[in-house]
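Colleague: I am new to this structure and would like to learn how to read a helix and a ligand site in it. Could we go through them slowly?

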Amino acid sequence: MNSESSETIETVLQEERIFHPSESNFKNSSISGFDEYQKMVDKANSDPEIFWKDNALNELHWFKPFNSVLDWSNAPFAKWFEGGKTNVSYNCLDRHIEQGKGGKIAIIWEGEPGEVRKITYKELFDEVCRTANALKQIGIQKGDLVALYMPMIPEAAIAMLACARIGAPHSVVFGGFSSEALRDRLNDGNAKAVITADGGFRKDKIIPLKKAVDEALLDGSCPSVDSVLVVQRTRENISFNSDRDFWWHELVPAQSTECPAEQMDSEDRLFVLYTSGSTGKPKGVVHTTAGYNLWAHLTFKWIFDVRDDDVYWCTADVGWITGHSYIVYGPLSNCSTSLMYEGVPRPSNPGAFWDVIQRHQVNIFYTAPTAIRAFMKTGRNIPDKYDLSSLRLLGTVGEPINPEAWMWYRQVIGGDKCPIIDTWWQTETGGVMISPLPGVTSTKPGSATLPLPGIEADVVDADGNSVEPNQGGYLVIKKPWPGMMRTVHGNPNRFRENYWEYLKPINGNLIYFAGDGARRDDDGYFWVMGRVDDVINVSGHRLGTMEIESALVSHKLVSEAAVVGRPDELKGESVVAFVTLESGKEGTSELIIQLKNHVGKEIGAIAKPEEIRFTNSLPKTRSGKIMRRILRSLASGEEIKGDTSTLEDRNVLDELRR
Ligand code: WTA
C-alpha cells in the first residue's frame, strides 16, 4: 500500500444529471421498487442471520440444510452455512431439469470464425457429466485442483461445472497470460491437471495455448501436474505427449452421462482465481461452495432482472471473475440463457458486438467501460447500422465509467430507454456489491449508486471513521457477506493483513478495505474513483506494478525498475516504466522493444508497458522508497506537486524531466 495514496483521492463532484427508473421497462423486476429494496436493506441490517438464511434456503438446493448461518468467531476467516451440503453444478443444472426446463437453451455460443452452438440445459448436463467422468478417469479426485487455460468456448464452462460436480476446485488462468505466468499459478495451486485447447482464436490471430502449456510443464517444472486434457479448437499442429496428454474428443464422448453431483460441504473450495495486488506475486483468491453460489445467484437475479425468454450476454472472458460469476455461475444457477462470444471487436470487424446483439436478439448486455470508450471513438455510425431494439438493460463493470461514456452508452446503444447498471465489485467480493437495480434505483452518470441489500459499504478515513459526504476516502465493507473470499491460497496472513487489518477496527470490528478510493454524495451514492494502492487498471484488467517491475528486473540488462499508471482516454490507465540499466549499458529503441517483449513473456501481452523511459536513477526517499507520486506526475506530463523534500537526491528530478 502506498503511503502517499490519500493525495490521489480527488474530492470534487460535479455530475448532477439523474435518471429515474423507467417503470414501463421493469414492471416485474425481482425487486419491485425502491420501497421493497429499502425493506430488504432494513431486514438485512436488523437481522442478517434471518436475511441470509431465508435467501440461502429459498434460492439454493441443499442435500442437507445447514446448522448455522455465519461463524465469524475467527474473523476474518468466515464460515457460512456450516453443516450444509450442496453442489454448485447441481444448482446450475439438475434442479432446472427436474423442473422441466431441460429443453431451455443454457448457452448460446458464437465462435470467432462465426459458428454458432446452442446448448440446452439437458445437453449441458450430459456434457458436464461426461467430462466429470473423464476427469475421474484421468485420476482427478475430490479436492484436487484442476487448472483451466482455455479459449472462450463452451468447453470452458463445461469444464468448470464438471470440476464443481466432482468437488475438484478449478483455477482458471486467463488465456492471455504467458507460459511463465501459467507455471507460477500451476505451482502455487499445486494443480493436478490442466484443461486446455490446441489454440484459441483472438483478433484474427491464433493463440497457441497447448504450446504454452508444454512450455510451462517443460522438464518437470510443474511436478504436481499429471495430465493435460486438450480440446481441439484450431486444428493447428501441436506436440502430443501420450504419457500425459489426452484429447477431449477421444476421452469425453466415450463417458457415461451418469455422474451424481458430489455432496459438498458449504465451505469446500469451489475455485481459486489469481489476481494482482499491491505486493508480491498475484494471489490466489479462494472462493467456497455455498456462499459464493448464493451471492452469484442472488446478485444476478436482483441486478439483471432476466426474464424466462431473455438472452443475456456478458462480454467478459471466463478467465476473470466476471466470467465466473456472470457468464457461468450466476446465469446458470438462475436458469437463464447466457451468451458466450469468442470474438472481440477490432478494426476488421468494428460492429461485431452489435451484430451479435441483433442476430441473437440480446436483451441484457454487460460490458466494460474501456469497450464503450473504444466504440465512442469509432463513432455512432457503426452501432447505428444495427437493430439494437431488443436491448432492455445495459451493464458495465471493471473500472470507473466516465459520465460521457455512460451517456453515450445510454443514448446510442440503449436508445435512451435502458437503465445503465454500473456494478462495482472485485475478484475478492465474488459478486457485485454496489450497483443500481433496474426499476428501483435512480441513476447518475458515473456513480455505482447504492450497496445491495446485505452489504454495508462506507467511505472512511485512515482511522476507519466515516468521512463527510463528498469527501474522498477509502471504500470499505463493514460486515461479512456470503460471497466474500475466504483466504489467499497458501497465505492466510496476507489475506488478513492486506484486506482486514489495513484499517483500524471500529469498536473491535474488522473492516474490509477494497483498495479503492471513493466518495459518497449527499444522497449516499457511491462514486468509485479507482485504486489507491499500487494496482493499475488497464482496460479493466488488474495489474500489480510490482509484478511488472519484477518482470523487468528479471531481464539481465535491467538494474532497477519502477512502474506507474498513466491516465489513458481509452484504456483507463496505461503502463509506464522507468528503468535503470546495468552500468555501461545503453538504452536503445531496440532494447525498449526487447523489454516490452520480455514483460509479455513473463506475464502476458496485457502487461506490456506502453512506454519505457531510461534513467540513471529513480527518485527515492532517504529510506530508499521509490517516490511513485513523482513518477506518476512525470509519466502523465503533469507538474510535480507536493513535497519533494524527502528526496534523497534532488538532481534525479532534473534528469527525469529531461
Ligand atoms: C475496479 C472486476 C469503478 C476497482 C469485477 C476494483 C470498478 C477492481 C468497478 C476489481 C466499477 C470494478 N467502478 N471501479 N463499476 N468495477 N472496478 O478484481 O478498482 O478484476 O477494485 O474485478 O476493478 O477488479 P477485478
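What follows is a conversation about one helix and then about the surroundings of the ligand.

Modeller: Please keep in mind throughout that this is a predicted model.

Colleague: Is helix H3 mostly covered or mostly open?

Modeller: Burial is judged residue by residue, and a residue counts as buried when its relative accessible area is under 20%. In helix H3, which spans residues 88–98, 9 of the 11 residues are buried, and among them are Val88, Tyr90, Cys92 and Leu93, together with Asp94, Arg95 and His96.

Colleague: What should I look at where H3 starts, and what just after it?

Modeller: At the start of H3, a side-chain oxygen of Asn87 comes to within 2.7 Å of the backbone nitrogen of Ser89, and Ser89 is itself one of the buried residues of the helix. Just after H3, Gly100 adopts a positive phi of about 80°.

Colleague: How many residues surround the ligand, and which are the closest?

Modeller: A residue belongs to this shell if one of its heavy atoms lies within 4 Å of the ligand. Here 17 residues surround the ligand, the closest being Asp422, Thr423, Thr427, Asp516 and Arg542, and by class the shell has 6 nonpolar, 6 polar and 5 charged residues.

Colleague: Which atoms of Asp422, Thr423 and Arg531 lie by the ligand?

Modeller: For Asp422 it is a polar side-chain atom, 2.7 Å from a nitrogen atom of the ligand, whereas for Thr423 a backbone N or O atom lies 2.7 Å from a ligand nitrogen atom. Arg531 places a polar side-chain atom 2.9 Å from an oxygen atom of the ligand. The protein covers 96% of the 530 Å² of accessible area that the ligand has on its own, and the elements giving two or more residues to the shell are helix H10 (321–333), strand S20 (420–423) and strand S25 (526–531).

Methods: Residues numbered from 1 in each chain as written. Predicted model: local features only at pLDDT ≥ 70, side-chain atom pairs only at ≥ 80, totals over all residues. Heavy atoms only, no water. Buried < 20%, exposed > 50% of the residue type's maximum accessible area, 1.4 Å probe, protein only. Helix = DSSP H or I, 4+ residues; strand = E, 2+ residues; numbered from the N terminus. Polar contact = N/O pair within 3.5 Å; in protein donor to acceptor, adjacent residues only side chain to side chain. Areas by Shrake-Rupley, 256 points an atom, 1.4 Å probe, with all protein chains shown as cover. Nonpolar A, V, L, I, M, F, W, Y, C, P; charged D, E, K, R; others polar.
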